[in-house]
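User: I should like to learn how to read the features of a structure that holds several chains and ligands. Could the explanation begin with the general idea and then turn to the case at hand?

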There are 6 protein chains.
Amino acid sequence: CFLNALDEVKPAFGVHEEDLHDCVKGGIINYSPKIHQVIKRVERDIEQLRHSENFNFSSLLLYGPSGSGKTALACQLALDSKFPFIRLLSAKDMVGMSETAKVQHIDNAFRDAYKSPLNLLVVDDIEALIDYVPIGPRFSSVVLRALMTRLTSNAPDGRRLIVIGTSSNYSLMKSLDMLNCFNDEVCVNNVTSIDELCAVVDKGGFFRGIEKDNEDEIRRGDEDIVKRIHTNLLSIF
Amino acid sequence: CFLNALDEVKPAFGVHEEDLHDCVKGGIINYSPKIHQVIKRVERDIEQLRHSENFNFSSLLLYGPSGSGKTALACQLALDSKFPFIRLLSAKDMVGMSETAKVQHIDNAFRDAYKSPLNLLVVDDIEALIDYVPIGPRFSSVVLRALMTRLTSNAPDGRRLIVIGTSSNYSLMKSLDMLNCFNDEVCVNNVTSIDELCAVVDKGGFFRGIEKDNEDEIRRGDEDIVKRIHTNLLSIF
Amino acid sequence: CFLNALDEVKPAFGVHEEDLHDCVKGGIINYSPKIHQVIKRVERDIEQLRHSENFNFSSLLLYGPSGSGKTALACQLALDSKFPFIRLLSAKDMVGMSETAKVQHIDNAFRDAYKSPLNLLVVDDIEALIDYVPIGPRFSSVVLRALMTRLTSNAPDGRRLIVIGTSSNYSLMKSLDMLNCFNDEVCVNNVTSIDELCAVVDKGGFFRGIEKDNEDEIRRGDEDIVKRIHTNLLSIF
Amino acid sequence: CFLNALDEVKPAFGVHEEDLHDCVKGGIINYSPKIHQVIKRVERDIEQLRHSENFNFSSLLLYGPSGSGKTALACQLALDSKFPFIRLLSAKDMVGMSETAKVQHIDNAFRDAYKSPLNLLVVDDIEALIDYVPIGPRFSSVVLRALMTRLTSNAPDGRRLIVIGTSSNYSLMKSLDMLNCFNDEVCVNNVTSIDELCAVVDKGGFFRGIEKDNEDEIRRGDEDIVKRIHTNLLSIF
Amino acid sequence: CFLNALDEVKPAFGVHEEDLHDCVKGGIINYSPKIHQVIKRVERDIEQLRHSENFNFSSLLLYGPSGSGKTALACQLALDSKFPFIRLLSAKDMVGMSETAKVQHIDNAFRDAYKSPLNLLVVDDIEALIDYVPIGPRFSSVVLRALMTRLTSNAPDGRRLIVIGTSSNYSLMKSLDMLNCFNDEVCVNNVTSIDELCAVVDKGGFFRGIEKDNEDEIRRGDEDIVKRIHTNLLSIF
Amino acid sequence: CFLNALDEVKPAFGVHEEDLHDCVKGGIINYSPKIHQVIKRVERDIEQLRHSENFNFSSLLLYGPSGSGKTALACQLALDSKFPFIRLLSAKDMVGMSETAKVQHIDNAFRDAYKSPLNLLVVDDIEALIDYVPIGPRFSSVVLRALMTRLTSNAPDGRRLIVIGTSSNYSLMKSLDMLNCFNDEVCVNNVTSIDELCAVVDKGGFFRGIEKDNEDEIRRGDEDIVKRIHTNLLSIF
Ligand SMILES: Nc1ncnc2c1ncn2[C@@H]1O[C@H](COP(=O)(O)OP(=O)(O)OP(=O)(O)O)[C@@H](O)[C@H]1O
Ligand SMILES: Nc1ncnc2c1ncn2[C@@H]1O[C@H](COP(=O)(O)OP(=O)(O)OP(=O)(O)O)[C@@H](O)[C@H]1O
Ligand SMILES: Nc1ncnc2c1ncn2[C@@H]1O[C@H](COP(=O)(O)OP(=O)(O)OP(=O)(O)O)[C@@H](O)[C@H]1O
Ligand SMILES: Nc1ncnc2c1ncn2[C@@H]1O[C@H](COP(=O)(O)OP(=O)(O)OP(=O)(O)O)[C@@H](O)[C@H]1O
Ligand SMILES: Nc1ncnc2c1ncn2[C@@H]1O[C@H](COP(=O)(O)OP(=O)(O)OP(=O)(O)O)[C@@H](O)[C@H]1O
Ligand SMILES: Nc1ncnc2c1ncn2[C@@H]1O[C@H](COP(=O)(O)OP(=O)(O)OP(=O)(O)O)[C@@H](O)[C@H]1O
Ligand SMILES: [Mg+2]
Ligand SMILES: [Mg+2]
Ligand SMILES: [Mg+2]
Ligand SMILES: [Mg+2]
Ligand SMILES: [Mg+2]
Ligand SMILES: [Mg+2]
């Protein structure tokens, strides 16, 4: 089944695989039909780019709340694509860089992403990449512009690139005119229902701060438990 | 017919042609009377500049929604003009430059554009050139001022220049007093009706994410399909 | 008549005449009593400075909509003054300069303008000089202050200077306390009526985008034509 | 009992212990059930990180009013953890540093915190670390972003790290999206009731500006005394 | 009489006299009782500083509309003081300086002003000194702070200094807490009534743009004339 | 009596005494019970720090209107403390310094203030230290943060330090969270009543701009006189 296919880690030929593996330590759990649809959608976009006669550049935005699995999904599906070049572009690698150095770093990532015939670039956590802070708001418009220009430029002849972006702030992406820079967008929701929660538990997740004796309360949907679970959801996986 | 004339790529004598070709990979599709009028208008302005006794500098703004074909039209018509010098001024070539370097780059483009007797410069995506970000809003007023000064300065004796600007944010152009800097302005609309859509399909376009079986739904104007088409319109061409 | 006097280009003794000539390519057309009054007013101020026993510095602001002829008038009247030193201070010469360099440039213009016994300086398009952008608004307060200080400082003994400033944003000049820096101010209006328009046509102007067959429509005041004329007015001259 | 356990200073094996000791000069007084619960909660999170099979990074925010004991608690509990590496990251050590140097300093603290198998880092007074000033508001978004990126990055294989953050401005943490960066959060309240106050006094605290004769008034809850106590609370300990 | 005493230019012993003379080319005209009172008030403050046993630093703000004579009065009264050191601190001398250089320049002016036993410093046009622009508003807070610190610092032993400041923006001075920095303040009004105007005319002033035949209209208070006079008032003197 | 004790200048052992003496030229006049209470309060805080077993760092804010004597009181009481190290930290010594240099300067002052067993530091006019300007408002958040961090850090072992801060803007201190940085706060009011005024006069003060004959009017509370007195109050002392 699809889930099994995802759970076993497939070999890929590109560089930078380790960064991607780091973001999906335990593999993806296919805990609900919704998550299944998300996976199918991203796979379709990847396949279209691979075979298209009409375009050689494509982009897709994964958005949804913090901790919902956007980065994990993007990285797992990148690994599963078997594209010769896959890479994760992440704010973690740019801490302390000047704006100029960041633009250079991003530009190099795209340049590298045009070196193989088939390339996939995960542009992770766009808010973090542009140093977004809600108060103000503040962000690096220089880095933003570099990203936008790259996302709206065609691939060179003979190269194909798909960019998977992630963001937990959809309305920000809209306000920044970033949505116009992506060809497709997919929402990744949080685990919200008790059923989904139990599906995760069944598949081997556990909850910090929730004793085994609480399992019944979870299934009964005890409000206090659910609230604690929500707060701790980030630490499920 | 006019369409055929446009579709076959005409030779031009200037440098920088490749940049322009990159923006109109598949040629322009004349899918509606509206697009025909736009083309006619731009051609008239180009002809006026070529033959005018009264002025040697002219400028024209193409505005309209993102993906409506402004850049493609500007570049195709530039190529069709057969002017000895044609050039595309684009934000893509200025990523990571300092403000000062950008001003220099723009100034050089105009300087180059005065080297032949007949010159055409596409100033593409003015928002991108001035690093415009809607939140704030932010933009480089230094670059903006350089553009404005150039757009309101006469050509040197014996030189003729027409500038075709593009922008997907007309109200911004207005707020920035940019409209005063152009002698003419033309709106380029998106494909909006089903008829226009079918005209595109007929002429060889196809839709990503829309199976062939959906063709009937498109023609029936199915709302969900139309919405998906709009989102994907950028990838038609 | 006055018009003839203006139309023939008079010799002047100062440097920088070419810059000024560039701004009045075809000479000034005296198309209405209003424009005649403006010319008379500026000439009076120039004469007062020339002969005054009470002051040796004077300044005058020409304001009015974009394209109404402020720069052309200032330059033509400067040329007609036969002052030994006349100069145009324009944003065009300062593109890409740092703020400091701009202040230096402006200061040098004033310094030069005190080298002859009788001097005239056109400070053109003050908005452009101070890098004004309506959004924000933004402008260089350093350059503004340099201008203001120069406009409120006396001429050295034995020197006379009249400054003619131009601006298409009167309310901005007011908000910036710039009006206090000028001794006189004159409004230059656009061609607004059909009669004025015909006067211009009669005197040799022509309209881009308006075929000869439209002449009757212009005289009938056809609304659409008038609107197109307004948009194109900048290109009449 | 628990209190005794805390009051005696336990030996720890890490470096930087002195900084931590400096913040809990007289040991923690367990003056109420509320403070007991806080201690238990932090200890549970520390234990979970120590033994967890599912995660190797965890973070906890202590928030509450100024002077309520957040720093003291964090440091005492760090000392009590007996983790081989414990460290205090404090604004005091960054006075006068440039933003870049601060980011470097923070990054080094995290890097150091990954050198032992079991590590604990106190990120004290986040407002101070990001140079927050309520007027404006102002803060270093560069430093903030460095902190956020570190707080949302996994520990390297074979290393475990728990971060205890402190902040006296919970709503700021929320506005900055900082709460999403912590796995757990605990409120540390001030001494508010007379009973709690007396518990502190009983355990050896004394009040500056309150004579011994006022002791009865304290117990009677005299309003003026309570107000003076509140102002002086910071100096109890 | 007092007027005569002022009109004849008195010798003074300090340096920088020429700068001061430049600002009162034709001497002060004592055209009304109001202007007489202003002069008396400033003279009193100067005398108090000269003889005081209780203080050796004093400051006085002259405020009022642009062109009302603040600078002229300050400079004439400085010249009349016969203080061994008198100096004009003016924005004109600081055009194009960096903020740091401006602070240095101001600081040097004060330092120089402490070199003689009796010193007088005219701090002219405080708005201009701090590069104030009403839009924003903008100003150099660094220069402002340098001025404020100097205005609130005592003179060294054995030195006496009186500072005469001028400003045409009283409410700004208030908003900036500048009023707290002056020991005294005096308003200098514009010529407002026809009588005052005639007094000026009688004493030898003339009006640009007003022919001799208009004299009757002035005396009749013709509204249009008065308005023109107001606009031109700056050029009376 | 207390007054006498204050009026005679007592020897002190620290460095920097001269700066402090400069701020209390004529000694403190104990003109009312209110001023007496202020003095007593500050003295109590100084004594507590000297003898405390529980803390070795203490801070106190003197706030109140400009000219009310905060600086004078702080300096006189510092001199009276006979602490081996007393110092005045003042904006006057930092004019023209860069932000970095200011932070260094402040930090050095605190470092020096930890060199003796018993130390007293007057942090004068906090608004001036942080370059506060009400319009904006503007201030140096870097300097502010340096001050705050120092005010919330403990003294090293074996050292005692009391900081006396002054500010004439209490609400600003509150908005900046500065009040949390002080252990105690005392209001210093202006001379407001006629009785207080007469007490000052009796003790040897005199009023600039008020003739001896006005003494009766002062005592009668004549409104105009009182207003003039208020304006001139700064110059009483
Ligand atoms: N479907 C899933 N199956 C297994 N693990 C998952 C799944 N979704 C999320 N996770 C795990 O949950 C944790 C949080 O997910 P992830 O970091 O991908 O979220 P995110 O949406 O990128 O959050 P953020 O917006 O904060 O970056 C990770 O450890 C990830 O591996
Ligand atoms: N009339 C047309 N015929 C053929 N292709 C077209 C036409 N209009 C647009 N396209 C194609 O559609 C794509 C988007 O067009 P283009 O980039 O010119 O749009 P745009 O209006 O410049 O958008 P933006 O505002 O985002 O820059 C391009 O690949 C372009 O070649
Ligand atoms: N009265 C006139 N006679 C002849 N030509 C004129 C007249 N007025 C304007 N022009 C011409 O019209 C064009 C625009 O005029 P000009 O540049 O002087 O306008 P402007 O008021 O300075 O505009 P802007 O505010 O945009 O600088 C110029 O080519 C100028 O020579
Ligand atoms: N429960 C406690 N037992 C003993 N001392 C305490 C306790 N709580 C606080 N203190 C002492 O009170 C003083 C203030 O506490 P601390 O600095 O930890 O507060 P804080 O919450 O970190 O304040 P801030 O938000 O200002 O940093 C310190 O000297 C600390 O040792
Ligand atoms: N009472 C007066 N007698 C003679 N000349 C005067 C008198 N008042 C002003 N003037 C003259 O009027 C002109 C403008 O005065 P001045 O520059 O002193 O005004 P100001 O109040 O300083 O204006 P601003 O606020 O613009 O600096 C000067 O030439 C000055 O010499
Ligand atoms: N009680 C007093 N006895 C004697 N002199 C005093 C007294 N209070 C103030 N002064 C004197 O009044 C003048 C102003 O006082 P000071 O500078 O201390 O006021 P401040 O409150 O610090 O004002 P600011 O807020 O402007 O700094 C000084 O010369 C000072 O010596
Ligand atoms: Mg993520
Ligand atoms: Mg485009
Ligand atoms: Mg012009
Ligand atoms: Mg703390
Ligand atoms: Mg003046
Ligand atoms: Mg003070």
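Analyst: Buried area is the accessible area that two parts lose on being put together, summed over both. The structure shown is a predicted model. Between chain A and chain B the buried area is about 2,200 Å², and carbon and sulfur atoms give 54% of it.

User: How many residues does each chain bring to this contact?

Analyst: Chain A brings 26 residues and chain B brings 25 residues. Of the area that chain A buries against chain B, 28% is supplied by Asn54(A), Arg145(A) and Asn183(A), more than by any other three residues.

User: How many salt bridges and polar contacts cross the interface of chain A and chain B?

Analyst: Side chains of opposite charge can pair when their charged atoms come close. Between chain A and chain B, however, the count of salt bridges is zero. For polar contact, the rule finds three residue pairs across this interface, with both residues at pLDDT 80 or more.

User: Which helices of chain A supply residues to the side that touches chain B?

Analyst: At least two residues each come from helix H3 (33-51), helix H5 (99-112), helix H7 (141-151) and helix H8 (170-175) of chain A. H7(A) gives the most, with five residues. By class, the side of chain A that touches chain B has eight nonpolar, 12 polar and six charged residues.

User: Where, then, is a salt bridge to be found, and how many are there over all chains?

Analyst: A search of the whole structure finds 55 salt bridges over all chains. One of them joins the side chains of Asp131(C) and Lys102(C), at 2.5 Å from N to O. This pair links distant parts of the chain, 29 residues apart: Asp131(C) is in the loop between helix H6 (126-129) and helix H7 (141-151) of chain C, whereas Lys102(C) is in helix H5 (residues 99-112) of chain C.

User: How should one read the surroundings of a ligand, for example ligand 1?

Analyst: One may ask which residues surround the ligand, which atoms pair with it, and how much of it is covered. Around ligand 1 there are 15 residues, of which Ile29(A), Ser66(A), Gly67(A), Lys70(A) and Thr71(A) come nearest. Oxygen atoms of ligand 1 lie 2.7 Å from a backbone N or O atom of Gly67(A), 2.9 Å from one of Gly69(A), and 2.7 Å from an N or O atom in the side chain of Lys70(A). Taken alone, ligand 1 exposes 620 Å², and the protein buries 83% of that. The shell around ligand 1 divides into seven nonpolar, seven polar and one charged residues.

User: What does the same reading give for ligand 6?

Analyst: Ligand 6 is surrounded by 15 residues, the closest being Ile29(F), Ser66(F), Gly67(F), Lys70(F) and Thr71(F). A nitrogen atom of ligand 6 is 2.5 Å from a polar backbone atom of Ile29(F). An oxygen atom of ligand 6 is 2.6 Å from an N or O atom in the side chain of Ser66(F). The protein covers 84% of the 620 Å² of accessible area that ligand 6 has on its own.

User: Which backbone angles deserve attention?

Analyst: Most residues other than glycine have a negative phi, and most peptide bonds are trans. Asp177(A), in the loop between H8 and strand E5 (184-187) of chain A, has a positive phi near 65°. The peptide bond joining Gly136(B) and Pro137(B) is cis, with omega about -10°. Pro137(B) is found in the loop between helix H6 (126-129) and helix H7 (141-151) of chain B. In chain F, the bond from Gly136(F) to Pro137(F) is cis, with omega near -10°.

Notes: Residues are numbered from 1 along each chain as its sequence is written. Chains are lettered from A and ligands numbered from 1 in the order in which they are written. This is a predicted model: local features need pLDDT of at least 70, side-chain atom pairs count only at pLDDT 80 or more; totals for chains, interfaces and linings use all residues. Side-chain values use heavy atoms; hydrogens and water are left out. A residue is near a molecule or strand if one of its heavy atoms lies within 4 Å of it. A polar contact is a pair of N or O atoms within 3.5 Å; within protein, one must be able to donate a hydrogen and the other to accept it, and residues adjacent in sequence count only if both atoms are side-chain atoms. Accessible areas come from the Shrake-Rupley method with a 1.4 Å probe; for residues, only the protein chains shown count as cover. Contact means heavy atoms within 4.5 Å. Buried area is the accessible area (1.4 Å probe) that two parts lose on being put together, summed over both. A salt bridge is a side-chain nitrogen of Lys or Arg within 4 Å of a carboxyl oxygen of Asp or Glu. Helices (H or I, at least four residues) and strands (E, at least two) are DSSP runs, numbered from the N terminus. Ala, Val, Leu, Ile, Met, Phe, Trp, Tyr, Cys and Pro count as nonpolar, Asp, Glu, Lys and Arg as charged, and the others, Gly among them, as polar.
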